[in-house]
Amino acid sequence: MRIDHAGRTYRFKRYPETNNHSLQPISAADELLLSGYQSSKVDKKGTALFHDRFGVLACLLHDDKPQFVSTFMSQQRALGNNLAENKLGPLPGEELGILSKLKASQIGLLRVPKSLELFELYLSQFARMAATADPDKPPVLLAGFMTRHFTPALLKIAERYANSVEQGRAVKKARVLTIGEFKKNTPSPDELIHSITYGERTYQQYYGVFSANHIDYATQFLLEYAEKNDWFGLSASEDTRVVDIACGNGVIGAELMAGRPKARLISFDDLSLATLSANKNLPSKRSRIIWDDGLSQIADDSTDLAITNPPFHFGHETNIEVSLSLFKQAKRVLKPNGQLIIVSNRHLNYTSHLRQLFGSVETLMDNPKFEILRARP
Ligand SMILES: C[S@@+](CC[C@H](N)C(=O)[O-])C[C@H]1O[C@@H](n2cnc3c(N)ncnc32)[C@H](O)[C@@H]1O
């Protein structure tokens, strides 16, 4: 996609790429954020950018040395690709983790994510910086969204962190909230954490990680039936290798490791907050936790069991392309007698896709909502 901005033409691509050509790297919400930013009179050095999913704003505002808050590995990859595509050097501002402290900045741009908890985390990160700002230069945060994604909860959350929350008028079905007068003593990002008890264990997870109030019901279905029926096929006494694909808070790997003292686990997730949570929940000596959006760091033919409750959303978009790519990569890392076990919503109908990739595919169990599938190379 081409965009003209400040006398220059830029080209942007999405990462991961998609076959759905109606999905673009930039939306009317980004354009509205950009025009609000341009008309703002504040000092723009070190502008904080939140949830800039493909790095488009970071490229367009490159001269202002933005602080790019990086939440997903796929987001970092998208940014890297788009910087290179537009012959822009590495981002001069910092790429920051979501729990890091921001440097002083008078303005932030936030593309509102689907997860309201993630929205709150970004707000708390900005509020923590705003609390120590020069009182004569109070920071302001512009939060852009498509009007169809508006919910009153957005305002409620913003009002927990700031005294001034104003909605702008809708343009091309997008809107911007202008959030200012940040409160002091609001929770910092590392305090935004849930505890979930499941069976004998309690799991910690940061806001924004999948399934905040209980272990996901599909995951529970998988764990209950797979253990009862011994589908994992991992003996307690053997040195087996397991990969938990898209691990979230790490629950599947943690439950599996509990009864298998010799098993070794690799868990990975695209969302940094998921891997930070998994770090709190997994036995450290036998687990390796990777922040990644695929299996490129895992060796060929190395894995007895790959297991997953795979993603089928990309932000607000329902999209199984990421899952299909993860399944394909899983095949590469499986030993010849290894297996991939998947739990998913039945309507996604993964079986026909898996049959194109794997030698054998069977349904181990289903109910009206979920199914458990096994694929072997
Ligand atoms: C349905 S949740 C399952 C989480 C966890 N396994 C559970 O059962 O609670 C799917 C997970 O996929 C992650 N995800 C999305 N795209 C990914 C990718 N390309 N690589 C790795 N993880 C990804 C999401 O962050 C989310 O944690």
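Is methionine 257 buried or exposed, and how many C-beta neighbours inside 10 Å does methionine 257 have? In this predicted model, methionine 257 has 22 C-beta neighbours inside 10 Å and therefore counts as buried. The legends below begin with the whole chain and return to this residue.

**Figure 1. Overview of the chain, a predicted model with 10 helices and 20 strands.** The radius of gyration is 22 Å, close to the 21 Å that the globule rule gives for 377 residues, so the chain is as compact as a globular protein of that length. Along its principal axes the C-alpha trace spans about 65 × 45 × 40 Å, and buried residues account for 43% of the 377 residues. When contacts between residues at least 6 apart in sequence are considered, 67% of them join residues at least 24 apart.

**Figure 2. The open sheet of 7 strands.** The strands follow the order 14-13-12-15-18-20-19, and their pairing is mixed. Strand 14 (287–291) and strand 19 (360–366) stand at the edges, where each has a single partner strand, so that one side of each is left without a neighbour in the sheet. From one strand to the next, the twist averages 15°.

**Figure 3. Strand 15 and its two parallel pairings, with strand 18 and with strand 12.** Strand 15 (residues 303–308) runs parallel to strand 18 (residues 334–345), and 5 bridges join the two; along this pairing, threonine 303 stands opposite leucine 334 of strand 18, and alanine 306 stands opposite leucine 340 of strand 18. The pairing of strand 12 with strand 15 is likewise in the parallel sense and extends over 4 bridges, with aspartate 244 standing opposite isoleucine 307 of strand 15. Because 6 of the 6 residues of strand 15 are buried, this strand is largely enclosed by the rest of the structure. In a regular strand, side chains alternate between the two faces of the sheet.

**Figure 4. Helix 7 lying across four strands of the sheet.** Helix 7 lies across strand 12 (241–245), strand 13, strand 14 and strand 15, and runs at about 155° to strand 12. The helix is mostly covered, with 7 of its 8 residues buried, namely Val251, Ile252, Gly253, Ala254, Glu255, Leu256 and Met257.

**Figure 5. The surroundings of methionine 257 in helix 7.** Methionine 257 counts as buried because 22 C-beta neighbours lie inside 10 Å, the threshold for a buried residue being 20 or more. Leaving aside residues up to four places away in sequence, methionine 257 touches Ala263, Leu265, Pro283, Arg286 and Ser287. Methionine 257 and valine 242 are 15 residues apart in sequence, and their C-alpha atoms are 9.0 Å apart in space.

**Figure 6. The shell of residues around the ligand.** The ligand is surrounded by 20 residues, of which the closest are Thr219, Ala246, Gly248, Asp270 and Pro311. By residue class, the shell divides into 10 nonpolar, 6 polar and 4 charged residues. Helix 7 (251–258) and strand 13 (264–269) each supply at least two residues of this shell, and helix 7 also lies across strand 13.

Note on methods: Residues numbered from 1 in each chain as written. Predicted model: local features only at pLDDT ≥ 70, side-chain atom pairs only at ≥ 80, totals over all residues. Near = placed C-beta within 6 Å. Nonpolar A, V, L, I, M, F, W, Y, C, P; charged D, E, K, R; others polar. Pairing = 2+ DSSP bridges. Axes fitted to C-alpha atoms, helices over the stretch in contact; angles between N-to-C directions. Contact = placed C-beta atoms within 7 Å. Rg over C-alpha atoms; globule rule 2.2 N^0.38 Å. Buried ≥ 20, exposed ≤ 12 C-beta atoms within 10 Å, placed from the backbone.
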